[in-house]
Amino acid sequence: MSRYAEVYKGWRADPEGFWGKAAKEIDWYKPWDKVFDENAGVYGRWFTGAQCNTAYNCLDRHVAGGRADQLALIYDSPVTDQVKTYTYAELTEEVAVFAAVLHDLGVVRGERVIIYLPMIPEAAIAMLACARIGAVHSVVFGGFAANELATRIDDAQPKVIVSASCGIEPGRIVKYKPLLDEAIELSSAKPANCVIYQRPMQEAAMVEGRDVDWRAAVEAARKAGQRADCAVLEATDPLYILYTSGTTGEPKGVVRDNGGHMVALKWTMKAIYDTEPGQVYWAASDVGWVVGHSYIVYGPLLQGCTTVLYEGKPVGTPDAGAFWRVIADHKVETLFTAPTAFRAIKKEDPEGKLIGDYDLSHFRTLYLAGERADPDTLQWAEDKLGVPVIDHWWQTETAWAIAANPVGLGRLPVVHGSPAVAMPGYEIHVLDDAGHEVPVGQTGAIVIKLPLPPGCLPTLWQKDERFKESYLSEFPGFYETSDAGFVDKNGYIYVMSRTDDIINVAGHRLSTGGMEEVLAAHPDVAECAVIGIADKLKGQLPVGLLVLNAGVERDPAAIEKEAVLLVREKIGPVAAFKLAFIIKRLPKTRSGKVLRGTMRKIADGEDWKLPATIDDPVVLDEITDVLKARGIIG
Ligand code: COA
Ligand code: AMP
């Protein structure tokens, strides 16, 4: 029997009692005045008056509590052919020394540090070092280009940027340093220093007076016996900013606090992931995404687990058995990844033959999130692995699952296509455009009744008004998830699509509006639209439809190629933008609104209705012809 219903009811009856009890699992320097202060912040703040330190709870606490010699982190890197491990004592030492380096560079509490690193242990060390001294980290995913990094530098205004000479993608070395230098050139806020981790595959040229060599600085600090202490921080102080795609090219700086975040993540480790201290937990994601923040670094370490930091892919490093090899080598009990990784494995090894080559006897549960888990992939994973496959739904904004099947409370029946039920802390409603509750089973906007639970964003970095406008204004009293879907009679939630222009490419959240801004800047482009079309591997793929300026006579193929390059150059390879087609006109309503939804339905071969407000229906035939000619529709 699952205890879920009883636990959820307990939270509904007494939210403050629920979270106050969960907070006992965290070490505080000073307890809270209020579990929830409804008068603080935009919609209230959690654990006001309390003092704490996230790095202390992730590291020092476990060293003091008997886990000094237990592995805290396993770095497994098939792309560099190495495995490196850190015990809790070793990781604490590395973090304290690097925190002292940051301190020496003048980074003080509240100051921002941008971390632009590949999947190497130094990424986790840098994050925890910031947490230790109360600096606010902002990790930027390595697949973003200089321009995206520059936008984040301008918004966060970091004192220091921590980066590396290169990242390694299968078959190519990604030189991070030139991207970093270009980003700093482009941005108006200049960091005082950059700490650069030199990797032997591609060493970077250093800028004199600004760039600091990671190894040299750490060795000097170590020799001098420098170790930074854990700063005493307010629970409401920011731990990090993580930028995520919004509806425009300007990303949203999601803020995370220290206290509520720890309480929520610690609670999830047992209740949702059924993971005890000492067990090996692996989130196959990247520290550049929220999954990496919550479940490569903070969650497992708060719980005293061993976390795996994997620098590789599900396929091609070297084959579709890569995940099984890591699970077997490190005795992983829990794996968390995006469905796209499983689609990639299934494509390469449809029979799952490679699974049999490894000892997966420790493996207990697979968790999927980041995009809709298609029932085919779920079924394949269940059949081939013989373990429960748990879909759960969340967002960068929330830091942990809004809906899940809480295995630690007793697993509920798994229903393919649904990430199961609302977690304690989240009261879910489904509303129509007018803000009225829709009947059970009917699709609408999925919203969360305020206040959001601990761990969720209190605001956007220095932009309370944008926070209110983006999330709280459409449905007063509720947080708008921008996901649409429905709830069935058993309370199971179905998340079907976004209500905004965000698309999900290989589990990565991207703004089509941001891509349109880039394409519109091409000198030959008069107007454009980017739509996300269904893709068997990546879930969705962006397609750019371009209308050229009158009189442009250049080779259309050359312009399309330039458009593709432009998005790669301005947003980055992560956009996976490879399809740009020139069309004569864009379909619009009589009031000039581009009919992106209709174009997407045509491209995906779905049924579509001619919008009553369309200006000129012939345009849709023109688009259909282009999509047919380009092989997008059969
Ligand atoms: N630094 C630089 N470039 C990067 C990068 C990084 N950290 N990560 C990805 N890229 C590049 C890739 O090399 C690729 O470039 P290409 O166009 O030259 O081939 C491009 O960005 C697109 O990457 P991706 O969408 O990841 O596609 P892929 O073909 O490399 O791999 C999968 C496909 C399915 C294997 C991959 O997406 C994957 O492992 N996903 C796991 C899910 C995941 O991490 N989700 C995050 C949220 S949980
Ligand atoms: P991100 O902020 O990058 O984590 O992306 C969050 C978005 O990904 C959500 O708003 C959803 O649109 C989508 N998403 C994440 N997890 C799921 C899931 N389990 N099912 C359906 N969609 C999901």
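How many bridges join strand 25 to strand 26, and in which sense do the two strands run? The legends below answer this and describe further close-up views. The structure is a predicted model, in which local features need pLDDT of at least 70, side-chain atom pairs count only at pLDDT 80 or more, and totals for chains, interfaces and linings use all residues. Residues are numbered from 1 along each chain as its sequence is written, chains are lettered from A and ligands numbered from 1 in the order in which they are written, and side-chain values use heavy atoms, with hydrogens and water left out.

**View 1. The four-stranded open sheet and its pair of strands 25 and 26**. Strand 25 (residues 478–487) and strand 26 run antiparallel and are joined by five bridges; strands are DSSP runs of E of at least two residues, helices are runs of H or I of at least four, and both are numbered from the N terminus. Two strands count as paired if DSSP finds at least two bridges between them. Phe486 has Tyr494 of strand 26 as its bridge partner. The order of the open sheet is 23-24-25-26, with antiparallel pairing. Strand 23 (428–431) and strand 26 (493–498) are its edges, each pairing on one side only. On average, neighbouring strands are turned by 50° against each other, direction ignored; the axes are lines fitted to C-alpha atoms, and angles run from 0 to 180 degrees between N-to-C directions.

**View 2. The seven-stranded open sheet**. Here the strand order is 5-4-17-16-18-19-20 and the pairing is mixed. The edge strands, strand 5 (82–87) and strand 20 (389–391), each pair on one side only. Neighbouring strands of this sheet are turned by 20° against each other on average, direction ignored. Strand 4 (residues 71–77) pairs with strand 5 in the antiparallel sense over six bridges, and Tyr75 stands opposite Lys84 of strand 5.

**View 3. The hairpin of strands 27 and 28**. Four bridges join strand 27 (residues 502–505) to strand 28, and the two run antiparallel. Asn504 has Arg509 of strand 28 as its bridge partner. Two residues lie between the strands, and Ala506 in the turn has a positive phi of about 55°.

**View 4. The largest cavity**. A cavity is a set of points on a 1 Å grid over the protein atoms alone where a 1.4 Å probe fits but cannot get out; a pocket is an open set with protein on both sides within 12 Å along at least five of seven lines, and lining residues have an atom within 4 Å of a point. The structure holds three cavities of 30 Å³ or more. The largest cavity has a volume of about 110 Å³, a volume being the space filled by probe spheres set on the grid points, which are joined across faces, edges and corners. Of its 14 lining residues, Glu148, Ser245, Gly249, Ser511 and Ile571 are the closest to its centre. Helix 6 (146–156), strand 28 (508–511) and helix 15 (512–520) are the elements that give two or more residues to the lining.

**View 5. The second largest pocket**. This pocket holds about 500 Å³ of space. Arg3, Phe18, Lys21, Ala22 and Trp267 are the closest to its centre among the 19 lining residues. Helix 1 (4–13), helix 2 (15–22) and helix 9 (259–271) each give two or more residues to the lining, and helix 9 gives the most, with five.
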